[in-house]
Amino acid sequence: MSAEKSSLHTRNLHRNPYDFDQLISCVPELKHYVFTNAYQTVTINFSIPQAVKLLNKALLLHFYNIKGWDIPDTNLCPPIPGRADYVHYIADLLGEELNETPTGSFVKGLDIGTGANLVYPLISHRSYGWMMTGTDINQDSLKNAQDILDQNPDLSSVIQLKSQPDADHIFVNIIKPEDRFTFTMCNPPFHDSEESAVKGNIRKTKNLKISKSKQPLLNFGGQQSELWCEGGELAFITKMINESSLFSSQVLWFTCLVSKKDNLNKLTNLLKKVKAVEVKTIDMAQGQKVSRILAWTFIPQKERKTWLI
């Protein structure tokens, strides 16, 4: 048995090693992919897309009571523990104003690029009872997200889906004049081209010591809009920051994952230019992967508590 994953957030339900007997009882097909490795640890081969997908399906059913979760093989299959961490750190960020973790439907979150998997809204609502809106530019992804909601009728009133009709915009077309969101969240496209995405996947494969093949094992799949955009992560978040200033009075905290630490300087300088009143960088670590959440607000501190009560 491997040790507790202590780098995960203290409220993360996935800190303990996976109990594969329990998970297989949720999703019996998973048993075909579970084995004991050279270190006598029961695990799966994370280079096999179907194994990762079935593990996710079992985790979402067992820990979050999400029934019938599935995604097309062409879509990003996210690691659930890391996605849950982002949600818990947002809860901490919101809780700073209250000295307690805010739960309930008065917290309204907006997930930019929710994808076919809908994981952030699912975990957010099941963990804290928040109302969530998921957006995407890909109609097939939204259709699959709707299929997941259809399998879980109790979520239809608490998770809403919105289509972004214009790939050049992020918040425009989504946030309407009457909307108020407690937070936004986003896992932005990391790469600046398809070639870069493929190279990154080969590198990840080598790091997992699975294969020295030059052929990428796309173990996490991914549509173009999920993996890359022109200018990569920096261009995407730059656009997000610039647009956020248009909705400065309608969102309490804007947040976004930043994978490349080198991008933080440019982004924080831009946030000064658009007159964000507070900027925070929250470090997250899952195993060897270190990421960070960039959070910013235009709402003065004395006014923030009223958003949360």
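## Getting started

Helices here are DSSP runs of H or I with at least four residues, strands are runs of E with at least two, and both are numbered from the N terminus. By that reckoning, the chain has ten helices and nine strands. Please keep in mind as you look around that this is a predicted model.

Of the 309 residues in the chain, 49% are buried. The chain exposes about 14800 Å², and carbon and sulfur atoms supply 51% of that area. Take contacts between residues at least 6 apart in sequence: 70% of them join residues at least 24 apart.

## Two nonpolar cores

A good place to begin is the largest nonpolar core, which has 57 residues. Leu-30, Trp-69, Leu-94 and Trp-130 are the residues with the most contacts inside this core. Helix α3, covering residues 80–95, gives the most to the core, with nine residues. Apart from this core lies another one, of 26 residues, including Phe-181, Val-251, Val-258 and Leu-267.

Which residues does Leu-94 contact, leaving aside its neighbours within four places in sequence? They are Pro-102, Val-107, Trp-130, Thr-182, Phe-183, Leu-252, Trp-253 and Leu-308.

## Helix α2 and its cover

Helix α2 runs from residue 49 to residue 64. At 1.5 Å a residue, its 16 residues should span 22 Å, and the end C-alpha atoms are indeed 22 Å apart, so expectation and model agree. Right after α2 comes Asn-65, whose phi is positive, near 55 degrees.

Many names appear on the buried list for α2, among them Ala-51, Val-52, Leu-54, Leu-55, Leu-59, Leu-60 and Tyr-64. Lys-53 and Asn-56 are buried there too. The cover over the buried residues of α2 includes helices α1 (20–26), α3 and α4 (119–128), along with strand β2 (42–44).

## Strands β6, β7 and β9

Now follow strand β7, residues 251–258, which has a neighbour to meet in β6 and another in β9. Three bridges join β6 to β7, and these two strands run parallel. Thr-184 stands opposite Phe-254 in β7. Five bridges join β7 to β9, and this pair runs antiparallel. Here Thr-255 has Ala-295 of β9 as its bridge partner.

How many residues of β7 are buried? Eight of its eight residues are, and the strand is mostly covered. In β9 (residues 289–297), seven of the nine residues are buried, so this strand is largely enclosed by the rest of the structure.

## Helix α8 against the strands

Helix α8 spans residues 232–244. Its 13 residues should span 18 Å at 1.5 Å a residue, and its end C-alpha atoms are 18 Å apart, which agrees.

The buried residues of α8 are Gly-232, Glu-233, Phe-236, Ile-237, Met-240, Ile-241, Glu-243 and Ser-244. What covers them includes strands β3 (108–112), β6 (181–186), β7 and β9, as well as helix α9 (264–273).

## A closer look at Thr-133

Let us finish with a single residue. Thr-133 lies in strand β4, which covers residues 131–136. Is Thr-133 buried or exposed? Its relative accessibility is 6%, and the cut-off for buried is under 20%, so Thr-133 counts as buried.

Not counting residues up to four places away in sequence, Thr-133 touches Gly-109, Leu-110, Asp-111, Gln-160, Lys-162 and Phe-181. Phe-181 may be a name you remember, as one of the residues of the 26-residue core.

Note on methods
Residues numbered from 1 in each chain as written. Predicted model: local features only at pLDDT ≥ 70, side-chain atom pairs only at ≥ 80, totals over all residues. Heavy atoms only, no water. Core = buried A, V, L, I, M, F, W, Y, C linked by side-chain atoms within 4.5 Å. Buried < 20%, exposed > 50% of the residue type's maximum accessible area, 1.4 Å probe, protein only. Contact = heavy atoms within 4.5 Å. Areas by Shrake-Rupley, 256 points an atom, 1.4 Å probe, with all protein chains shown as cover. Expected span 1.5 Å × (residues − 1). Pairing = 2+ DSSP bridges.
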